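This briefing is meant for a reader who is meeting the structure for the first time. It takes the sheets and their helices in turn, and then moves on to the ligand and its surroundings.

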Amino acid sequence: MHDPAALRAKHLARFGTEPAVFVAPGRVNLIGEHTDYAEGFVMPAAIDFATLAGISPRSDGKIVLYAENFSEERTFNATALPAKASKHWSDYPLGVVAILAGEGQRIPGFSLTLWGDVPLASGLSSSASVEVATLLAVTSLIGVNYPGPVVARLCQRAENEFVGANCGIMDQFISANGAENNALLLDCRDLSFKLAPIPPGVALVIANTMVKHSVAGGEYTSRRAQVEEAAAVIARHRPEVRFLRDATLDDLARWGGEMSPNALKRARHVISENLRTVAAADALIHHDLDELGRLMAEAHLSYSRDFEASCVEADAMVALAQGLPGLIGARLTGGGFGGCTINLVEREHAAAFSEELSARYATETGIVPQILICHASSGAHKINQ
Ligand code: GLA
C-alpha cells in the first residue's frame, strides 16, 4: 500500500536530494459525530490509508510543493506566502506553513513531495492527513518537536484559519496521536484520552457510498451554527453552559421550546451522542460487542433523524449491512452528507461481508461502492530509511 521507497525515489529524481519521509494516517470515527466542536467526546481510530510527505531543504528560498496524486507542482516564495486559500490541494500544506510562520517559526526554502491513498472527499480525513504529514516534515526541517496534541491544534488552525473549513479537532488529533490496534476515547475539552483496544478478531470495514462529502460545504457549517444556537439558549438559564458538552437532556426538556425546531433536534443528537460515545468506549474496553453494536445503531438513527446529516445512500448502506454474518455494528462515519459507513465486523467474516454488502448496495442504488478492510493503525511518525 504505502511505498516510502518509491516516494523517496520520486523526490530524489525530481529535486536531486534525498528526502526525510513522514507518514500521517486518515481516520475512521467509530462513534461521536459533531460532538468535537461542542467540546464533547469522540472515538476515532487511525486507519492504514495515509499521506506520505518527503522533504528536503533548498537554498533558493523557494517552497516547491509536488503532489504525486495530481502530477502537479506549485512554487512559492518562503518569505511571501499567499495570505489566502485558492481552493487547490496546495492550500493544505500552505496553511500549515502559514500557521507555523504565524507562530514565529522562520520558514526556510524546501521541496515537499506528497502522496496519499486516503480516498478524497469521503469523510476519512484526507485533508487532516496531508496537514499532519506536512507539519511533521516542516518542523523536522526547522528542528522543532511539538507534542502530539499541539500538532493537532496547529493543523486544525491551518484548516480553520487558512483553508476556511470550520472543523473541530478530531481528525487532526487522531492522525497525529493514533495508536495501533486501538480506538481513542478523546475528550475534546482538554484533549485527554483513553485507549479503547479493538479486539484482534474485529475488522474495521469501511464502505464508501461514493457520495462526495465536504466539511467546507454549507451543511456542516449550518449544523454547527444550530448546535451553537442551542447552547446559547440553555446558557441564558444556566450561564455555566458554554458548549453542549455541559448540557443535559433535562435542559432540553425544560428550554428546548425556546429554540428553533432544528436547533432542538441537533442538540438532542449532540447531547445523547456524548452519552453514547462514553458508553461505547466502556463497552469496547469490557469486550461487550453487543452493546457496542447497539450504541452504533442508535447513533446512526440519531445522526440520520435528529441531526439530518445522512443521505439516502448512507442509510441504505447501513440498512443493507444488517443481518450479514459477522456484523457487530454499522453507522455513517465522519462529517456526514455522504462519505463512508463504518462496519465493525468479525475478522473471519470480513471478506465475505464486504463482497455481499457491495453486491447488495450496487443492486439497490446502481452505484458500485469502494470497500476498505482496515485495522487501527498508529499515528503520524517519521519513516526511517
Ligand atoms: C469532520 C470534522 C470533524 C468532526 C466531524 C464530525 O470530520 O473535520 O472535526 O466535526 O466532521 O464528527
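Two strands are said to pair if DSSP finds at least two bridges between them. In this predicted model, four strands form an open sheet with antiparallel pairing, in the order β10-β11-β9-β12, and six strands form an open sheet with mixed pairing, in the order β5-β4-β6-β3-β1-β13. There is also a ligand, with 14 residues around it.

**The sheet of four strands**

- The edges of the sheet ordered β10-β11-β9-β12 are taken by β10 (327-332) and β12 (370-374), and because each has a single partner strand, one side of each is left without a neighbour in the sheet.
- From one strand to the next, the twist of this sheet averages 20°.
- Strand β9, which spans residues 202-208, pairs with β12 in the antiparallel sense over five bridges, and Leu 204 stands opposite Cys 374 in β12.
- Helix α9, made of residues 289-306, lies across β9, β10 and β11 (340-346), and its direction runs at about 20° to β10.

**The sheet of six strands**

- In the sheet ordered β5-β4-β6-β3-β1-β13, the edge strands are β5 (72-77) and β13 (381-383), each of which pairs on one side only.
- The twist here averages 25° from one strand to the next.
- Strand β1, covering residues 20-29, and β13 are paired in the antiparallel sense over three bridges, with His 381 in β13 as the bridge partner of Val 23.
- Helix α1 (residues 4-15) packs on this sheet, where it touches β1, β3 (44-57), β4 (62-67), β5, β6 (110-116) and β13, and its direction makes about 145° with that of β6.
- Helix α5, formed by residues 170-177, lies across β1 and β3 and runs at about 130° to β1.

**The ligand and its surroundings**

- Which residues, of the 14 around the ligand, come nearest? They are Glu 33, His 34, Asp 36, Asp 171 and Tyr 220.
- By class, the shell around the ligand is made up of five nonpolar, five polar and four charged residues.
- Backbone atoms take part in the surroundings of the ligand, since a polar backbone atom of His 34 is 2.7 Å from an oxygen atom of the ligand, and a backbone N or O atom of Gly 168 lies 2.8 Å from an oxygen atom of the ligand.
- In the case of Tyr 220, a polar side-chain atom lies 2.6 Å from an oxygen atom of the ligand.
- Taken alone, the ligand exposes 310 Å², and the protein buries 99% of that area.

Definitions and conventions:
Residues numbered from 1 in each chain as written. Predicted model: local features only at pLDDT ≥ 70, side-chain atom pairs only at ≥ 80, totals over all residues. Heavy atoms only, no water. Near = heavy atom within 4 Å. Polar contact = N/O pair within 3.5 Å; in protein donor to acceptor, adjacent residues only side chain to side chain. Areas by Shrake-Rupley, 256 points an atom, 1.4 Å probe, with all protein chains shown as cover. Nonpolar A, V, L, I, M, F, W, Y, C, P; charged D, E, K, R; others polar. Helix = DSSP H or I, 4+ residues; strand = E, 2+ residues; numbered from the N terminus. Axes fitted to C-alpha atoms, helices over the stretch in contact; angles between N-to-C directions. Contact = heavy atoms within 4.5 Å.
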